[in-house]
Structure formats: structure tokens, C-alpha cells
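Biologist: I'm new to this one, so could you take me through it and tell me how each label was earned?

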Amino acid sequence: MIVVTAAGGQTGAAVVRKLRERGEQVRAVVARRGPRPDLAALGAEVVLGELTQPLPWAKLLDGADAFHLIWPHADPDEAEGAGALFAEARRAGVGRIVYHSVLHPQARVMPHHAAKDRAEESLESAGVPWRVLRPCTYAQTLDASLDEVARTGVLRSYWGVRTAQSLVDVEDVAAAAAVLLTEDGLDGGTFEAAGPEPLTAPRIAELMGERLGREVVADDVIPAGEQPTAYAARCRRAMFDHHREHGFVGSPRVLAALLGRSPRSYAEHLAELPLPVSG
Ligand SMILES: NC(=O)c1ccc[n+]([C@@H]2O[C@H](COP(=O)([O-])OP(=O)(O)OC[C@H]3O[C@@H](n4cnc5c(N)ncnc54)[C@H](OP(=O)(O)O)[C@@H]3O)[C@@H](O)[C@H]2O)c1
């Protein structure tokens with residue numbers, strides 16, 4: 001049995017699905033009360049658990065062969081909380097931990113990367129065999145902008161128009177997580193999950209244009225105003241500033257090796273998205 005946290009989110013739900021496709025039993029930890037028909041339909045055991053609250057982890061992790069720790073995005077408690085949960089996993093006798101990190105956690109200028117870097121460090125002393133997955137930005141992150149792009153012909157880019165990102169499909173990330181959670185011979189490894197090509201915002205706009213059948217251009221939206229103080233907003237600003245300056249590019253080879261095939265391209269992802277209804 002495999003325990004997955006933040007299981008109702010974009011990453012978690014995809015990981016649960018991939019594990020169930022492999023015939024694994026899954027305990028899906030969700031934060032929000034209420035029915036979870038999607039997870040239940042997959043045949044996962046759904047349990048309630050706020051990662052930032054004291055929880056009966058011994059019970060939640062009892063009998064787990066593997067534990068996939070996905071922490072909610074840009075949460076200030078990640079570094080401390082992850083370390084505490086790794087210790088809980090050791091006490092519960094969990095067989096292996098897979099920690100959901102990010103590409104380039106050592107880019108500590110971004111607070112959420114620094115938190116993941118510290119969490120990775122605490123794995124060393126966890127006393128449980130571990131593997132780390134380091135995804136680049138998901139291709140799906142841009143899906144919400146497609147309606148606006150279809151209407152206006154403009155892709156607003158908060159990370160400029162010069163640097164590139166190796167957008168990766170969350171389905172590929174989840175498939176890689178399922179490999180790390182279930183297969184032998186991967187202990188102590190850190191595995192990057194990057195898409196097959198570096199894409200600038202103008203290139204993404206071009207690909208969106210091809211899919212939408214209209215011209216699309218990328219517009220450089222430079223963040224205005226003071227540095228934000230709230231943690232999540234600070235992470236977001238630092239991330240856009242960093243990506244504007246350095247991009248966010250990784251090699252696809254590690255992911256290809258885990259999947260046994262090339263990672264999906266952004267064009268392949270776009271081809272499967274329903275076209276926005278014009279109106
Ligand atoms: N998105 C990307 O491009 C990307 C790239 C690389 C790495 N990552 C990393 O991947 C992880 C997941 O990101 P995501 O985009 O999949 O997140 P997401 O879709 O926003 O999912 C977050 C989930 O976390 C749950 N959650 C929120 N607060 C919680 C709490 N206090 N305790 C327990 N669960 C809580 C929510 O649960 P409920 O549904 O139950 O409310 C939600 O389903 C993050 O660590 C992120 O940094 C993301």
C-alpha cells in the first residue's frame with residue numbers, strides 16, 4: 001500500500017491514477033472535507049489529513065510500503081513539516097519515501113525552492129530509503145490562460161520573453177513518481193523531470209496560435225509595485241524574477257530513462273486540450 005499526500009491536487013490525483021493503473025493499493029490523504037468522488041472512483045482509500053496540523057501519522061502510515069510526500073505549493077511550513085514527516089515515516093516502518101521536490105531546489109533565492117532544498121537535506125537523516133523527484137513547471141500551468149489567449153491573441157508572460165522553460169506534462173511527472181514509488185534500484189537518487197525542449201514565451205505563444213488557428217503573441221508583463229510580504233506571493237514574485245533572468249531549463253534525459261520513452265512535448269499537450277468556446 002502506498003500513501004500519497006495532497007492527493008486531491010493536480011499532482012496528487014495524477015499520481016494516484018498512475019498507481020491504480022499499476023494495480024497498487026493507495027491511501028489518498030486529502031485536506032478538504034467532503035466527498036472525493038474522483039479519488040473514490042479510482043479505488044483509493046480516501047482519508048482526511050491537514051499536513052500542517054497534528055495528525056495520527058502512525059495510523060495514516062501504518063502498513064505503507066511507500067510514502068509519496070507532496071506538500072501544498074508555496075506553503076511556509078514545508079521545510080520543517082517535511083522533516084517531521086520523514087521521521088514519522090521511519091517510526092511507522094515505511095519501506096521507502098519519495099519526496100516531491102522541484103527542479104533546481106538549490107536556487108534558494110526562491111523561498112519555496114529553499115524550503116524544498118532543506119527538506120531534501122533532511123532526507124539524509126530520515127533513516128528510510130528515499131528518492132527525490134524534481135519537476136520543472138508543468139505544461140498544465142498555462143491551461144487557465146488559453147481562454148484569454150483565444151480571445152485576445154496575447155499570452156501574458158510574467159517571466160519575460162527572452163528565457164526558456166522546459167515545461168513538463170504532469171501526466172509524465174506522475175508516471176515517473178509511480179516508477180519511483182514501486183521499482184527497486186533507485187534509492188538515494190534525485191530525478192529531474194523536465195520536458196523535451198526549452199520553450200520561450202514567444203515560442204509557447206506560437207504553439208498556442210497553431211492550436212487555436214489564430215495569431216498569438218507573447219507580451220512581457222513586468223511585475224509592478226512593492227515586493228509582496230505574504231509568503232506565497234513572495235515565492236511567486238521571486239520565481240518570476242528568477243525565471244526572467246535565468247529561465248528554468250533542465251535535461252529531459254532522466255525523465256526519458258524513467259519512463260522508457262520521450263517525455264510529451266508541449267504541442268502534444270495542447271493537441272489534447274479542448275478548444276475554448278468562442279463567445
Ligand atoms: N505546479 C507546478 O508546475 C509544479 C512544478 C514543480 C513542483 N511542483 C510542486 O508540486 C507540489 C504540488 O503542486 P500542485 O500544483 O499539484 O498543487 P495543487 O494542485 O495546488 O494541490 C495542492 C493540494 O494540496 C492540498 N492542501 C492544501 N493545503 C493543505 C494542507 N494544509 N494539508 C494537506 N493538504 C493540503 C489541497 O488539498 P485539498 O484538495 O484536499 O484541499 C490540494 O489538493 C508542490 O509541492 C509544488 O511545489 C509543482
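Modeller: Sure, starting with what a helix is here: a DSSP run of type H or I that is at least four residues long, numbered from the N terminus. Keep in mind that this is a predicted model.

Biologist: What places Gly12 in a helix?

Modeller: Helix H1 covers residues 10-21, and Gly12 is in that run.

Biologist: And why is Gly12 called buried?

Modeller: Buried means under 20% relative accessible area. Gly12 has 1%, so Gly12 counts as buried.

Biologist: Which residues does Gly12 touch, leaving out those up to four places away in sequence?

Modeller: They are Val4, Ala6, Ala7 and Ile70. Contact here takes heavy atoms within 4.5 Å. As for Leu69, it sits 57 residues from Gly12 along the chain, with 9.4 Å between the two C-alpha atoms.

Biologist: Now the whole chain. How do you know that its radius of gyration agrees with a compact globule?

Modeller: For 279 residues, the expected value for a compact globule is near 19 Å; the chain has 19 Å, so the two agree. The C-alpha trace spans about 55 × 40 × 40 Å along its principal axes.

Biologist: What share of the residues is buried, and how many helices and strands are there?

Modeller: Buried residues make up 51% of the 279. The secondary structure comes to eleven helices and eleven strands. If you take contacts between residues at least 6 apart in sequence, 74% of them join residues at least 24 apart.

Biologist: On to the ligand. Which residues come nearest?

Modeller: Thr11, Arg36, Leu51, Trp71 and Lys116 come nearest, out of 26 residues around the ligand. By kind, that shell has eleven nonpolar, eleven polar and four charged residues.

Biologist: What makes the approach of Trp71 to the ligand a polar contact?

Modeller: A polar contact is a pair of N or O atoms within 3.5 Å. A polar backbone atom of Trp71 is 2.6 Å from a ligand oxygen, so that pair meets the cut-off. Gln10 also qualifies, with a backbone N or O atom 2.8 Å from an oxygen of the ligand. For Arg32, a backbone N or O atom is 2.9 Å from a ligand oxygen.

Biologist: How much of the ligand's accessible area does the protein cover?

Modeller: On its own the ligand has 910 Å² of accessible area, and the protein covers 80% of that.

Key. Residues are numbered from 1 along each chain as its sequence is written. This is a predicted model: local features need pLDDT of at least 70, side-chain atom pairs count only at pLDDT 80 or more; totals for chains, interfaces and linings use all residues. Side-chain values use heavy atoms; hydrogens and water are left out. A residue is near a molecule or strand if one of its heavy atoms lies within 4 Å of it. A polar contact is a pair of N or O atoms within 3.5 Å; within protein, one must be able to donate a hydrogen and the other to accept it, and residues adjacent in sequence count only if both atoms are side-chain atoms. Accessible areas come from the Shrake-Rupley method with a 1.4 Å probe; for residues, only the protein chains shown count as cover. Ala, Val, Leu, Ile, Met, Phe, Trp, Tyr, Cys and Pro count as nonpolar, Asp, Glu, Lys and Arg as charged, and the others, Gly among them, as polar. Helices (H or I, at least four residues) and strands (E, at least two) are DSSP runs, numbered from the N terminus. The radius of gyration is taken over C-alpha atoms; the globule rule is 2.2 Å times the number of residues to the power 0.38. Buried means under 20% relative accessible area, exposed over 50%, partly exposed in between (1.4 Å probe, protein chains only).
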